[in-house]
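Me: I'm new to this one and would like a close look at a single part of it. Could you pick one helix and walk me through its surroundings?

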Amino acid sequence: MTNVYVMEKIPEKIIIPLKQHDGCLCTPLVSKGDMVSMGQKIGDCDCYDSASVHSSVCGEVISIEEAANPNGTKVNSVIIQPTEDVECVDLTPVKDVSASKLVDVIKGAGIVEHYGTPTHKVLRPEGKQIDTVLINATSSEWIGGHYDTSAQYASQMIDALKLLMKAAGASKGAVVLRNDDLESINAFDHLRVDGKLLTVAPLMGKRKLSYYFKDMGSDIIVVSQERIYGQKILDLLTYNLTGRRVSFCCDPTDVGVAICGVKSAKALYDAVHEGRPYIETVVSVSGKVNSPKKILVKIGTPFKDVIDACGGYMGETGKLIANGAVTGVAQYTDDVPVTKMTTSITVLSADEVIRDVSIDCTHCARCADVCPVDLIPSRITAFADQGRFDECRQMNILNCVECGRCSAVCPSKIHLLQLIRYAKNSIENAYEDLSSKESPANLKLGCGCSGGN
Amino acid sequence: MTFTISAPPHKKENITFKKIMWAKVLALMPVVLLSVYLFGLPAIGLVAASIFAAIATEAAIQKAFGQKITIADGHAVLIGLMVAMIIPPEVPLWIPMIGTVFAVGIGKHAFGGIGSYVFNPVLAAWLFLSLAWGSIMAPASYPQTSALFELVLENGAGVMAGVSPLFILLAGAVLIFRRYIEWRIPVAFFVTTVLLAFLLGDSLSYVVLGVVVFGVLFIATDTSTSPTTKNGRVIYGIVCGVLVVVYGHFANYVDGTFYGLFLANCVASLIDNNTLPASYGTETFLQRKYRSIVSKVPFKDRLEVFLDD
């Protein structure tokens with residue numbers, strides 16, 4: 001079991017953005033000069049497309065202002081100066097609640113997936129029915145919380161999965177592990193669920209989850225698969241696991257699949273069993289810091305203090321990256337807070353900063369060899385560079401998971417990922433105002449998903 | 001504290017075009033040394049003249065057109081070296097110089113520089129020289145690998161590329177292992193050539209030659225003149241093999257390699273355009289057929305385990 005350290009030192013100030021998800025901005029419930037206690041709700045929104053925000057410390061609100069956010073923009077944030085005393089709001093566990101009440105609990109506890117969608121929106125999307133809930137534990141940042149033993153991790157995950165299924169009204173659920181992550185596989189193996197022994201099944205060949213549900217005669221299963229990573233892996237993951245294709249402009253909920261992360265599962269478990277809102281998260285700090293580790297921090301802690309807790313910067317620092325060196329966002333300041341969407345912090349030294357100059361593509365096909373979704377990145381990029389987005393779309397650019405492997409292996413140092421994102425954004429923008437141009441009847445034709453069937 | 005910001009990915013592999021080119025030049029050095037042993041000092045003169053002409057042409061063209069001068073990336077050096085290696089070493093020195101001027105000037109830059117040329121400049125130069133000065137370009141002897149030792153040192157070799165099949169194979173294997181050249185084309189090409197030659201009854205001692213191995217590993221894998229798609233590269237390898245055997249069977253495998261590869265270059269982009277991969281999860285033709293046959297099987301329930309739903 002990887003050790004997760006707990007950050008003991010309380011930072012000088014805590015910056016809590018009022019928007020830690022993709023959706024509406026919350027309105028602050030406190031004003032400057034107010035005293036807040038730990039777990040107190042400080043931001044809320046009536047809109048379904050949002051999640052509440054809570055104070056992670058006890059202290060005084062010193063201002064509410066636009067502050068830097070790890071996604072590169074500025075977001076209205078509540079800035080709190082912590083005080084010494086640890087006063088916490090009363091935490092009441094919510095056991096045995098109905099499914100619809102559970103959704104309110106999730107929204108009230110401010111649980112958000114690490115890819116940005118609020119969890120209640122994933123489980124109960126408006127106008128769609130979920131039948132399968134997946135907990136994706138395949139990413140490298142799989143440790144979502146602080147556990148004593150790996151068996152505890154496994155049993156909590158299964159409990160959380162049951163809660164997620166209940167909230168979504170889904171009949172089937174699965175935990176997805178990584179093939180080479182033996183620690184978790186051993187933890188889940190031989191675990192008892194409802195009196196039945198659990199076995200971790202590796203996904204083989206073209207077999208999908210439905211086969212394993214039938215094979216094991218169980219509605220809750222644990223499977224393992226190859227590691228896949230990238231910014232937009234949800235569609236590929238859905239296809240790999242269930243065999244359902246997600247069409248353009250749709251997400252996995254359109255085909256009845258809800259994908260949750262380990263972190264949100266753990267947060268839900270805590271919210272139900274302890275009544276605690278989502279106020280702390282585990283981030284893995286790596287790269288050029290004196291003692292890289294996985295550390296449990298309060299949401300809103302500035303990166304600066306997290307890095308100090310990991311022994312500070314080592315040598316001359318070149319880049320500070322949130323969420324992984326391959327696809328993450330480089331930060332211009334270390335005053336950005338850890339949010340619900342932060343999974344890792346990477347520090348690169350000054351001489352690791354890449355300053356290559358692109359040359360012409362030599363068609364060496366290294367990008368095509370590493371692409372996990374069988375694209376020809378070199379050709380797509382050439383089209384994207386010329387603004388020929390329709391041709392990009394014909395070449396399945398929308399399948400791209402944005403893993404960045406093509407850019408990493410390119411000997412000509414072409415900015416493939418950047419160009420592909422540019423083309424994808426342009427295509428999505430072109431479709432943004434489609435509904436006003438086209439009649440709804442025509443719009444349906446473009447979408448192959450049938451709302452959960 | 002100041003931080004650099006840029007778009008992801010923030011970590012890349014430490015590989016550049018320059019590195020690949022110089023690695024190829026370095027990989028061919030043992031063969032050049034062996035050919036100096038076999039052909040004597042004129043071989044060095046040939047290589048030097050050829051590389052000099054290649055670099056000078058590239059610099060002159062890029063200077064004239066106001067482009068960035070890229071002789072340091074090693075591509076011109078590689079073209080010069082490879083042209084020298086497929087010319088008989090007894091020729092007067094103006095032959096390799098004209099050859100490389102043609103290779104770099106017409107073969108490479110007239111088509112738009114690295115990544116844009118349709119025909120491998122080395123092959124274009126060889127073809128040009130052979131057509132223009134056929135009598136001078138005819139090698140003194142055509143080799144035959146009669147003993148096992150000839151795989152290491154081919155005594156009857158007519159050109160520098162043919163002196164040692166084994167050393168070229170080793171050099172290529174190292175490059176493939178380091179992923180500097182890719183494996184699909186060489187494997188498909190070599191298997192097709194040997195299989196077809198065997199079926200046609202050609203003695204393998206005329207097929208497994210240094211020049212053929214050189215063509216398989218160094219000319220056919222030239223990235224700009226070969227397809228990008230995975231299936232396309234396998235098909236391209238097979239096409240190369242067929243064309244080389246067609247020429248080789250009726251003439252000899254030394255000239256056959258060059259003519260066959262030159263013709264294969266013509267169809268490379270055609271293959272590329274017709275083998276674009278489908279979206280993931282799309283069934284291929286064979287899978288569709290298999291599924292339609294299996295769905296008609298009466299005892300389907302029992303097969304279900306194999307059918308994965």
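**A close look at helix α7 of chain B**

Reply: Sure! One thing to keep in mind first: this is a predicted model. Let's go to helix α7 of chain B, which covers residues 165–177.

Start with its length. The helix has 13 residues, and at 1.5 Å a residue they should span 18 Å. The end C-alpha atoms of α7(B) are indeed 18 Å apart, so the expected span and the modelled one agree.

Now, which residues of α7(B) are buried? They are Pro165(B), Phe167(B), Ile168(B), Ala171(B), Gly172(B) and Leu175(B). As for what they pack against, you'll find three other helices of chain B there: α1 (17–39), α8 (184–200) and α9 (210–219). Just after α7(B) comes Arg179(B), with a positive phi of about 60°.

How does this fit with the database record? An unreviewed UniProt entry lists several stretches of chain B as "transmembrane region", among them 156–176 and 206–222. Take residues 156–176 of chain B: the span is 57% helix with no strand (0%), and its end C-alpha atoms are 28 Å apart. For residues 206–222 of chain B, the helix share is 59%, strand is again 0%, and the ends lie 24 Å apart.

Another stretch in that UniProt list is 234–254 of chain B. If you'd like a single residue to look at in helix α10 (residues 230–250) of chain B, try Ile235(B). It has 20 C-beta neighbours inside 10 Å, so Ile235(B) counts as buried. Setting aside neighbours within four places in sequence, Ile235(B) is in contact with Ile271(B) and Thr275(B). Ser141(B), on the other hand, sits 94 residues away along the chain, with 33 Å between its C-alpha atom and that of Ile235(B).

Finally, step back to see what chain B touches. Its partner, chain A, has 15 helices and 20 strands. The radius of gyration of chain A is 22 Å, close to the 22 Å that the globule rule gives for 453 residues, so chain A is as compact as a globular protein of that length. Half of its residues, 50% of the 453, count as buried. In chain A, take the contacts between residues at least 6 apart in sequence: 69% of them join residues at least 24 apart.

Where the two chains meet, 32 residues of chain B are in contact with 49 residues of chain A. The chain B side of that meeting place is made up of 13 nonpolar, twelve polar and seven charged residues.

Definitions and conventions
Residues numbered from 1 in each chain as written. Chains lettered and ligands numbered in written order. Predicted model: local features only at pLDDT ≥ 70, side-chain atom pairs only at ≥ 80, totals over all residues. UniProt positions renumbered as here; feature names shortened; annotations may be inferred. Helix = DSSP H or I, 4+ residues; strand = E, 2+ residues; numbered from the N terminus. Rg over C-alpha atoms; globule rule 2.2 N^0.38 Å. Buried ≥ 20, exposed ≤ 12 C-beta atoms within 10 Å, placed from the backbone. Contact = placed C-beta atoms within 7 Å. Nonpolar A, V, L, I, M, F, W, Y, C, P; charged D, E, K, R; others polar. Expected span 1.5 Å × (residues − 1).
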